[in-house]
Amino acid sequence: MTNFLPESASFAKFIGTLKGSSVLVLGHRRPDGDCIGSQVAMTRMLRTQGIKAVAVNQDPVPRTLRKFLGDTPFSEPEGIGTDNYKIVTVDCADHARVGEELKIRFPEVFLNVDHHVSNTQFAEHNFVLPDASATGEILAKFFFDSELGIDQITAEALYLGICTDTGQFCYSGTNAAVFEVCRRLCLAGCNPSMVAHELYEREKPGRVQLLQKFLASFKMEFNDRVCIGHVRESFYRETGTKPEDAENFVDYARSLEGVEIGVLVEDRCGKIKGSFRAKDKKYRVDLLAKKFEGGGHACAAGFNVTIPLEEFYPDLVEEIGKHLEVVQKEGF
Ligand code: AMP
Ligand code: MN
Ligand code: MN
């Protein structure tokens with residue numbers, strides 16, 4: 001038996017205590033591949049243990065990720081009954097990330113499985129492993145260690161999480177263990193080229209037009225070390241797209257030679273969703289995002305603020321400038 005993680009035995013013990021309960025597996029707002037993949041995998045694994053489990057999200061499953069649900073029970077908040085549910089969260093850095101409505105409705109979280117360095121350990125039992133590339137990697141290791149069932153849909157869902165959160169096996173969390181886990185997921189039925197096809201070969205023309213507008217918005221700051229691009233509300237209307245279509249655009253801002261931090265600001269009715277992506281962990285963009293009440297990882301973080309884009313831009317540039325000075329002087 002492989003032993004990927006010392007925490008696996010205690011994870012399996014807590015799963016055992018859920019027998020006889022009804023469980024809701026919650027993900028975060030604007031769910032990404034790791035969130036959906038981890039919800040699918042966790043829900044299916046619980047059901048193999050005879051536990052009644054349903055995945056629930058405040059926001060809808062993005063179009064490109066729907067294929068990965070298979071026959072997993074996935075519900076909107078309105079569709080959940082009135083059972084005395086036990087709550088499991090995956091890929092959520094803090095309780096509020098499940099969405100305000102779900103947080104109020106389910107104030108107590110039993111199990112929190114996540115890989116965000118900024119995780120607030122908000123549950124009764126917390127499995128937060130910031131060195132993991134994805135929540136999917138942690139779950140895969142737990143499942144393999146404890147010989148919990150992995151069918152083809154579960155294997156593909158876990159691979160989806162790892163593939164998307166490593167930026168297709170490019171980011172710094174990509175290591176030998178990640179490939180070992182993925183090898184095992186392939187043996188369990190995952191087809192990487194099918195996953196890649198679903199994720200990257202089904203672009204809508206509107207999304208490509210949205211990307212053109214985003215690329216045209218690039219502004220270089222701090223001697224071209226920072227690239228900031230924006231997406232306005234009007235861009236969505238003009239291209240017939242939705243906010244979920246801007247997923248991963250920020251990677252283009254980071255991809256330029258010499259750029260150390262890429263930034264995406266999305267303007268939605270005076271509310272801003274921001275994303276930071278750094279090339280090196282030393283930039284600790286989770287701490288930069290924290291200045292705007294956000295969080296995330298050292299190289300990938302996000303935030304939400306309620307302020308018009310024009311007013312926000314100077315504040316954003318100023319905070320990035322201060323942050324770069326701290327990185328230069330002190331490092332982290
Ligand atoms: P994003 O830029 O939205 O793709 O997010 C990058 C990373 O930061 C993800 O791992 C998110 O879970 C995390 N993140 C994004 N927005 C927030 C937020 N408002 N608070 C805490 N973490 C966030
Ligand atoms: Mn996520
Ligand atoms: Mn993740």
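## The metal site

Along the chain, the donors of the manganese ion (ligand 2) are spaced as H-x3-D-x58-D. Please keep in mind that this is a predicted model. The protein atoms behind that pattern are His28 (NE2), Asp32 (OD), Asp32 (OD) and Asp91 (OD), and they lie 2.1 to 2.7 Å from the ion. Asp32 is thus listed with two OD entries.

A second metal sits alongside: the manganese ion (ligand 3) is 3.7 Å from the manganese ion (ligand 2), and Asp91 coordinates both. His28 belongs to the loop between β1 (22-26) and α2 (33-48), while Asp91 belongs to the loop between β4 (86-90) and α3 (100-105), so the pair ties together parts that are 63 residues apart in sequence. His28 has a relative accessible area of 4% and is therefore buried, as the limit is under 20%. Asp91, at 2% relative accessibility, is buried as well.

## Around ligand 1

Let's turn to ligand 1, which has 14 residues around it. Those that come nearest are Arg97, His116, Lys273, Ser275 and Arg277. By class, the shell holds eight polar, three charged and three nonpolar residues.

A few polar contacts can be picked out by atom. His116 places a polar side-chain atom 2.6 Å from an oxygen atom of ligand 1, and His297 has a polar side-chain atom 3.2 Å from an oxygen atom of the ligand. The backbone takes part too: a polar backbone atom of Gly295 is 3.3 Å from a nitrogen atom of ligand 1. How much of ligand 1 does the protein bury? Taken alone, the ligand exposes 480 Å², and the protein buries 88% of that.

Which elements give two or more residues to this shell? They are β10 (271-278), β11 (295-296) and β12 (300-306). The largest share, five residues, comes from β12.

## The cysteines

How many disulfides does a search of the whole structure find? The search returns zero. Cys92, for one, is in no disulfide, and its nearest cysteine sulfur, in Cys35, is 6.1 Å away. With a relative accessible area of 0%, Cys92 is buried.

Why is Cys186 not bonded to Cys190? Its sulfur is 4.8 Å from that of Cys190, the closest cysteine sulfur, and a disulfide needs the two sulfur atoms within 2.5 Å, so the pair is too far apart for a bond. Cys186 has 32% relative accessibility and counts as partly exposed, whereas Cys92 is buried.

Terms used: Residues are numbered from 1 along each chain as its sequence is written. Chains are lettered from A and ligands numbered from 1 in the order in which they are written. This is a predicted model: local features need pLDDT of at least 70, side-chain atom pairs count only at pLDDT 80 or more; totals for chains, interfaces and linings use all residues. Side-chain values use heavy atoms; hydrogens and water are left out. A residue is near a molecule or strand if one of its heavy atoms lies within 4 Å of it. A polar contact is a pair of N or O atoms within 3.5 Å; within protein, one must be able to donate a hydrogen and the other to accept it, and residues adjacent in sequence count only if both atoms are side-chain atoms. Accessible areas come from the Shrake-Rupley method with a 1.4 Å probe; for residues, only the protein chains shown count as cover. Helices (H or I, at least four residues) and strands (E, at least two) are DSSP runs, numbered from the N terminus. Ala, Val, Leu, Ile, Met, Phe, Trp, Tyr, Cys and Pro count as nonpolar, Asp, Glu, Lys and Arg as charged, and the others, Gly among them, as polar. Donors are N, O and S atoms within 2.8 Å of the metal (3.2 Å for Na, K and Ca); water is not among the atoms, so sites may look incomplete. Buried means under 20% relative accessible area, exposed over 50%, partly exposed in between (1.4 Å probe, protein chains only).
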